[in-house]
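Hi,

Here's the structure I promised to pass on. Have a look at it first, and my notes come after.

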Amino acid sequence: MRISKSSYMDGLRCSKLLYLSKHHPELASPESASSRKRFEDGHRVGIEAHALFPDSISVFGEWTADGKALTNALKDTGNRLTAGAGCLLEASFAVDDLYARCDVIDRISERGERDAWHLIEVKSSTKVKPEHIDDLAFQQVVASNAGLAVEKTSLFHLNNEYVHSGGKYDAASLFTQQEVTQDVNESIPSVLPRLKAQRGVMAATECPEVATGSHCNDPYPCPFYAHCHREQHRHDINFLPSISRKKVAELQARGIRTIGEVPEGEITAGQWRTWATVRRQVPPLDGNVWDALKGLAYPIHCLDFEAMLEALPLYAGTRPYQKVPFQWSCHIIAQPGADPGHRDFLHTGASDPRADFVKELWDCVKDAGTIVVYSGFESQALADLARNGIDGADELYSHFQSHSLDLYRVLKANCYHSGFRGSWSLKTVVDTFGLKVNYEDSAIKDGEAAIIAYLRMLESEDQLERSNLEQSLRTYCGIDTATMMALVRLLADV
Ligand code: SF4
């Protein structure tokens, strides 16, 4: 069985992931829209980085399961190196059962048959992460064993200080180059023993036992998440708020699997409510919730934002991964028992949405008694708009700070129910409390899907598709604030 860079990285993350990918790919969940977007974003960032290597040549041949194109890519790489190419994009190398595709290899100097090469990996992150070193160490082992003399390794990542001017990206400023030769060289001795262990996992007839934990979601949700969590205990220790991977492993090594088995002395202040609800069966809500809601003032505005965080900034004056809000919805309870009002905003043009977003939102909330939100995101987004000098954002942010209540923060500190299974998401909480909310009516199911739909709406030239997407976005955001309002009404007498 062939070991590619991605299967090596899967194996480092979790041996069960490696085994299931090779033996039972049918157990993986279908690829999500957010995972597709992550892949496409990475691809787009890679293409922008090509501008840094104007004399480079792209190697021909995509990786396919039947291996035919891989053979082409290997042949093309070999031919181009023999012909004296100075810089190759997507050069491919194989040795024994190992295969690696390198973003960039750049010839440093000519030394006859063993020229020295610079191996470069392009990432859409804004810093070097430990897994990038493992990734480069694997590539270097494969390329070196295939005959390439790698003398230097670097990572090109996005520069989060880069401010887009609005036209073409300036690749030299958009990327930060970080040489990681020493880190990679130090990591190389661990590659062969790890590969030996991974070969053992792949050759095994039984799936390895691996406990679930934070690695199932880090750096992104594992494709086997649903499969591995299908029989998870409703009081699994992973449901304790902010529990570290190390602590989970330590508790599991002592045979502790459920929240109620964790000794009180090992519970942090932030975990106490969850632990006490399970262990001592205290009521799911404590008095602090009522105290927080006593302060609600009319008109009560239930507010939610949608914002994008694009790797490649879309608008002049914005940076990589800067939050750019493009939509809000607000349900309003004007007085006790009144029918709710609703206002919303969605920027539908190609221009920067931020100025209109702020102007319209200020008009909506300037007379609010309390603005109820269900995350810290709205506050961060408004602070960001104020910091970036968007007209009116200062005034809006300070009004928000003095009038807002984050219901998520209140519930997370003072409420737990076994139905939450470690999640205080709005959907989980209202489902557990038996409120009927029709998320099924919405074609868009989560924030990631909303961003994807928004970007699609901006680029589509099909009027019908644009108007369907616009309607779906408004429906989705409106359901969120209607849900929040229903929760407020359930918890407080408004
Ligand atoms: S869900 Fe977790 S335990 Fe299961 S394969 Fe993925 S990372 Fe491993």
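Below is what I found, going from the ligand to one helix and then to the domains. Bear in mind that this is a predicted model.

Ligand first. The residues around it are Cys-14, Lys-16, Leu-17, Leu-20, Val-210, Thr-212, His-215, Cys-216, Cys-222, Phe-224, Tyr-225 and Cys-228. Two elements, α2 (15-23) and α9 (225-228), each put two or more residues into that shell. The top contributor is α2, with three residues. By type, the shell around the ligand has nine nonpolar residues, two polar and one charged.

Next, helix α1, which covers residues 5-13. Which of its residues are buried? They include Ser-7, Tyr-8, Asp-10 and Gly-11. These sit on the same side of α1, because they cover an arc of only 160° around the axis. That fits the usual helix geometry: with 3.6 residues a turn, residues three or four places apart point the same way. As for what lies over the buried residues of α1, the cover includes α2, α5 (130-145) and α8 (191-203).

Finally, the domains. The domain assignment splits out domain 1 (5-203), domain 2 (231-282) and domain 3 (290-491). Taken over C-alpha atoms, the centres of domain 2 and domain 3 are 32 Å apart. Their contact involves nine residues from domain 2 and seven residues from domain 3. On the domain 2 side of that contact, three residues are nonpolar, four are polar and two are charged.

Cheers

Methods
Residues numbered from 1 in each chain as written. Predicted model: local features only at pLDDT ≥ 70, side-chain atom pairs only at ≥ 80, totals over all residues. Near = placed C-beta within 6 Å. Helix = DSSP H or I, 4+ residues; strand = E, 2+ residues; numbered from the N terminus. Nonpolar A, V, L, I, M, F, W, Y, C, P; charged D, E, K, R; others polar. Buried ≥ 20, exposed ≤ 12 C-beta atoms within 10 Å, placed from the backbone. Arc of directions from axis to C-beta. Contact = placed C-beta atoms within 7 Å. Domains from an automatic or database assignment.
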